[in-house]
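Subject: Structure handover

Hello,

Here is the structure I said I would pass on. Please open it alongside this email and follow along.

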Amino acid sequence: MGNSDKKIIGWAKEVLKIEAEAISILISRVDDNFIKASQILYKCKSRIVVTGMGKAGMIANKFSATLASCGIPSIWLHPAEALHGDLGRVVKDDVVVALSYSGETDEIKNLIPFLKRIGAKIISITGNKKSTLASFSDVTLDVEIEKEACSLGLAPTTSTTAMLALTDALSVTL
């Protein structure tokens with residue numbers, strides 16, 4: 001094995017270590033808010049509407065698909081499309097789960113007043129408990145991380161892993 005091969009293996013192991021540590025920390029955050037979110041989702045009389053933008057949107061889409069695999073009525077709603085006519089998919093008895101690491105994503109922030117007007121409950125999954133999204137949510141699940149695994153700071157890595165793991169925990173719990 002050459003020197004460059006060892007570097008590749010070292011980088012890969014470092015990414016996995018960072019992400020594993022984030023999930024370990026997430027375990028300690030499974031608390032009363034997780035119970036409250038689970039109860040809201042379990043008692044949902046309609047569908048669970050999952051939304052998110054960018055990479056968080058991809059995790060949201062996977063969450064919706066996992067819920068469907070578990071026999072739980074769910075749809076994924078693109079937040080920008082919702083603002084351009086697809087908001088009619090959301091009704092009062094739905095529960096909206098919004099994923100946004102910053103909790104300040106423009107498309108999500110712009111969607112919140114309409115969701116509130118409809119009367120749907122909102123569960124946020126965010127790394128920022130003091131965000132706009134969190135402040136308008138019925139319950140917030142905290143996925144704050146210490147650092148992303150991407151050393152360049154360009155790609156959400158650890159934050160999306162934390163979101164994915166938490167949404168899997170919610171799906172299986174339900």
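What follows goes from the whole chain to one helix, then to the salt bridges, and ends with one loop residue.

Keep in mind that this is a predicted model.

The whole chain

The protein chain has seven helices and five strands. In sequence order they follow the pattern α-α-β-α-β-α-β-α-β-α-β-α. The radius of gyration is 17 Å, close to the 16 Å that the globule rule gives for 174 residues, so the chain is as compact as a globular protein of that length. The C-alpha trace spans about 60 × 30 × 30 Å along its principal axes.

Of the 174 residues, 43% are buried. The accessible surface of the chain is about 9,300 Å², and carbon and sulfur atoms account for 56% of that. Contacts often link parts that are distant in sequence: among those between residues at least 6 apart, 72% join residues at least 24 apart.

Helix α2

Which residues of α2 are buried? They are Phe34, Ala37, Ser38, Ile40 and Leu41. Viewed down the helix axis, the buried residues of α2 fall within an arc of 160°, so they line one face of the helix. A general point helps here: an α-helix has 3.6 residues a turn, so residues three or four places apart point the same way.

Asp32 and Tyr42 are on the other side of α2, and they are exposed. The buried residues of α2 are covered by parts that include the strands β1 (48-52), β3, β4 (121-126) and β5, and the helix α7 (158-173). At the start of α2, a side-chain oxygen of Asp31 comes to within 3.0 Å of the backbone nitrogen of Asn33.

Salt bridges

Side chains of opposite charge can pair when their charged atoms come close. How many salt bridges does the structure hold? There are six. Three of them are described here, including one made by Asp142.

Asp142 pairs with Arg29, and the closest N and O atoms are 3.5 Å apart. Asp142 lies in strand β5 (residues 139-142), while Arg29 is in the loop between α1 (3-27) and α2 (32-42), so the pair ties together parts that are 113 residues apart in sequence. Is Asp142 buried or exposed? Asp142 has a relative accessible area of 13%, and because the cut-off for buried is under 20%, Asp142 counts as buried. Its partner Arg29 is partly exposed, with a relative accessible area of 24%.

Asp142 has further links. The backbone nitrogen of Glu144 lies 2.9 Å from a polar atom of the Asp142 side chain. Leaving aside neighbours within four places in sequence, Asp142 is in contact with Leu26, Arg29, Thr126, Gly127 and Lys129.

Another salt bridge joins the side chains of Asp86 and Arg89, with an N to O distance of 3.9 Å. Asp86 is partly exposed at a relative accessible area of 25%, and Arg89 is partly exposed at 44%.

Glu104 and Lys109 also form a salt bridge, and their closest N and O atoms are 3.4 Å apart. Glu104 counts as partly exposed at 29% relative accessibility, and Lys109 is partly exposed with a relative accessible area of 30%. Elsewhere, salt bridges that share partners join Arg29, Lys129 and Asp142 into one network.

Val91

Where is Val91 found? Val91 sits in the loop between α4 (79-83) and β3 (95-99). Val91 is partly exposed, with a relative accessible area of 37%.

What does Val91 touch, not counting residues up to four places away in sequence? Val91 touches Ser46, Arg47, Ile118 and Ala120. Arg47 is 44 residues from Val91 along the chain, and the C-alpha atoms of the two are separated by 8.7 Å.

To find your way around, you could begin with the buried face of α2, go on to the salt bridge between Asp142 and Arg29, and finish at the loop that holds Val91.

Regards

Notes:
Residues numbered from 1 in each chain as written. Predicted model: local features only at pLDDT ≥ 70, side-chain atom pairs only at ≥ 80, totals over all residues. Heavy atoms only, no water. Helix = DSSP H or I, 4+ residues; strand = E, 2+ residues; numbered from the N terminus. Buried < 20%, exposed > 50% of the residue type's maximum accessible area, 1.4 Å probe, protein only. Contact = heavy atoms within 4.5 Å. Salt bridge = Lys/Arg side-chain N within 4 Å of Asp/Glu carboxyl O. Polar contact = N/O pair within 3.5 Å; in protein donor to acceptor, adjacent residues only side chain to side chain. Arc of directions from axis to C-beta. Rg over C-alpha atoms; globule rule 2.2 N^0.38 Å. Areas by Shrake-Rupley, 256 points an atom, 1.4 Å probe, with all protein chains shown as cover.
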